[in-house]
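Colleague: Could you take a close look at how the strands pair in this structure, and then go on from there to the helices, loops and side chains?

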Amino acid sequence: YYYQIKTRNVKKFLFSVLLLYGGLLMLHAQQRDLDFYLEQAMENSPLIHQAKNDSRIILLDLEQMKRILFKPEINVISGFTLSPIISRDQTTKFNLVSEGAVNYIGHDLALTDGGQYQAMLSFRQPLLTGSKYKVFANKADISGKIIDNNIALTIHELRQVVSYQYLLCLNSLKESENTLSLIRKLEEQYRVMVKLVENAVYKQTDLMLMQIELDNYTLEYKTYRAGYAANLYDLNLICGISDTAIVELRDTDIAMRPEIAGKSAFLTGFILDSLTILAEQAVNELKYKPQLDFVTDAGLNATYLPYPKRLGLGFGLALTWNIFDGHQRDIQRQKSAIGLETLEYRKNNFMLQNQINKNKILNQLHSVTERISLKENQAEQYKRLYEAYVKELSLGEASVMDFKNLMKDISALNHELLQLKTEKQFLINSYNYFNY
């Protein structure tokens, strides 16, 4: 009976070892670091791609406005209108085109001229538009800077989100590594226990208890490995990576940025939004400036039947100047002023919240750092205690149940210490986001 139990336990033990080390070989097949995922996230970001296309559209809009303001507009104008009558001057007859009838039935020739025939080219050239173009160019320049700033903010947000998910992956990975370390220690003691059971130093139940504990940690290891795979898939999703390989992530230590000396980069968005309101107001003011155009047309423009001698040319200047529109100009200026006031309030409120968030994170970091120091001291004490238990276990002087409880305490301590270190990295990552 003892031989059967021993054989079954050894087979189970060997199977667990092969399973764990097979997983490790797969894990070490490929390694990636945080920079790799950050680069992939930026390269595959639809927001950045859209922003770059929006920048191209702004340039095209400015080029289109340049053509409108500086290039002539040429149109073809053609058409004809007939006003047939029934003449009764001498005999009653139908005339498609009046030939000077006095007594007739039909539209009044004084109104219709008997018809209208046009086949002309019209030419309109805007004049003195340089100042207007500068207004549109300024607006386009501000819009381009807004897009550049949005790209910078998107990259900044991606860095924060990707780093957070990367830390989640590392947390799961390190949990599995900590569990694997405990499994190795238990495996080592299991092998010692087998010999001690054979020499009747420990009972078979002690060996079974050790095996059960190994099975529990093996299950825990698989759970952490499954969590690592799930977090890795989420990381790939954020970064737009279709790869399904379960790769190993290199450890990272996110450093805290020093406090910014100048203005926060977040302020750039508010400044550019204010400039946008002013630029749009400047564009609105353009319709109150006089517009002078050179106009000309050439071709056929005749009434009654067209003749070659009615081919001609006309040219001149056209002036358009809005001098009154019900005080809409003043209303628009008031709207712009209200928009600027709203932006100023939002900016001040944002910076206040930003500073509060940074102070809160700094306070949390101080607390976490203190707890990490205490846990590390405990870890050193547990390390010495473990070494003492191993020595006593090899001599048959330690209780297997006490050793099992010690391993549970070490596992819990490793878990708490890892969570604190991960939390510290989370806090630094958040602080770097606000300290921008």
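Modeller: Two strands are said to pair if DSSP finds at least two bridges between them. The model is a predicted one, and with that in mind I begin with strand E3 (residues 85–87), which pairs with E4 in the antiparallel sense over three bridges. One of the residue pairs can be named: Ser-87 has Lys-93, in E4, as its bridge partner. E3 and E4 belong to an open sheet of three strands, ordered E4-E3-E5 and paired in the antiparallel sense. The edges of that sheet are strand E4 (93–95) and strand E5 (104–105), each of which pairs on one side only. In general, strands of a sheet pair through backbone hydrogen bonds, either parallel or antiparallel.

From the sheet I turn to the backbone of two loops. Leu-128 sits in the loop between strand E6 (115–127) and helix H5 (130–198), and its phi is near 55 degrees, a positive value in a residue other than glycine. Ala-200 lies in the loop between H5 and helix H6 (204–239), and its phi, near 65 degrees, is likewise positive in a residue other than glycine. These values deserve a second look because most residues other than glycine have a negative phi. As for their surroundings, Leu-128 is exposed, with a relative accessible area of 75%, and Ala-200 is exposed as well, at 66%.

Helix H5 also takes part in an aromatic contact, and the structure holds 11 aromatic pairs. In one of these, the ring centres of Phe-70 and Tyr-133 are 5.5 Å apart and the planes stand at 65 degrees, so the pair is edge-to-face. Since Phe-70 lies in helix H3 (residues 46–70) and Tyr-133 in helix H5, the pair ties together parts that are 63 residues apart in sequence. Phe-70 itself counts as partly exposed, at 34% relative accessibility. Elsewhere, one aromatic cluster is formed by Phe-266, Phe-270, Phe-350, Tyr-433, Phe-434 and Tyr-436. A ring can also take a charge over its face, as with Tyr-386, where Lys-185 lies at 4.8 Å from the ring centre.

H5 appears again in the packing of helix H2 (residues 34–44), whose buried residues are Leu-34, Tyr-37, Leu-38 and Ala-41. Seen down the axis of H2, these buried residues fall within an arc of 100 degrees, so they line one face of the helix. What covers them includes strand E1 (31–32), H5, H6 and strand E7 (248–249), whereas the face of H2 turned away from its buried side carries the exposed residues Glu-39 and Glu-43.

The cysteines complete the picture, and here the model holds zero disulfides. A disulfide would need two cysteine sulfur atoms within 2.5 Å, but the sulfur of Cys-169 is 9.3 Å from the closest cysteine sulfur, in Cys-239, which is too far for a bond. Seen from the other end, Cys-239 is in no disulfide, and its nearest cysteine sulfur is that of Cys-169. Cys-169 counts as buried at 0% relative accessibility, and Cys-239 is buried with a relative accessible area of 1%.

Definitions and conventions:
Residues are numbered from 1 along each chain as its sequence is written. This is a predicted model: local features need pLDDT of at least 70, side-chain atom pairs count only at pLDDT 80 or more; totals for chains, interfaces and linings use all residues. Side-chain values use heavy atoms; hydrogens and water are left out. Helices (H or I, at least four residues) and strands (E, at least two) are DSSP runs, numbered from the N terminus. Buried means under 20% relative accessible area, exposed over 50%, partly exposed in between (1.4 Å probe, protein chains only). Rings of Phe, Tyr and Trp (its six-membered ring) pair if their centres lie within 6.5 Å; planes under 30 degrees apart count as stacked, over 60 as edge-to-face and the rest as tilted. A charge sits over a ring if NZ of Lys or CZ of Arg is within 6 Å of the ring centre and within 35 degrees of the ring normal. The arc is that of the directions from the helix axis to the C-beta atoms. Contact means heavy atoms within 4.5 Å.
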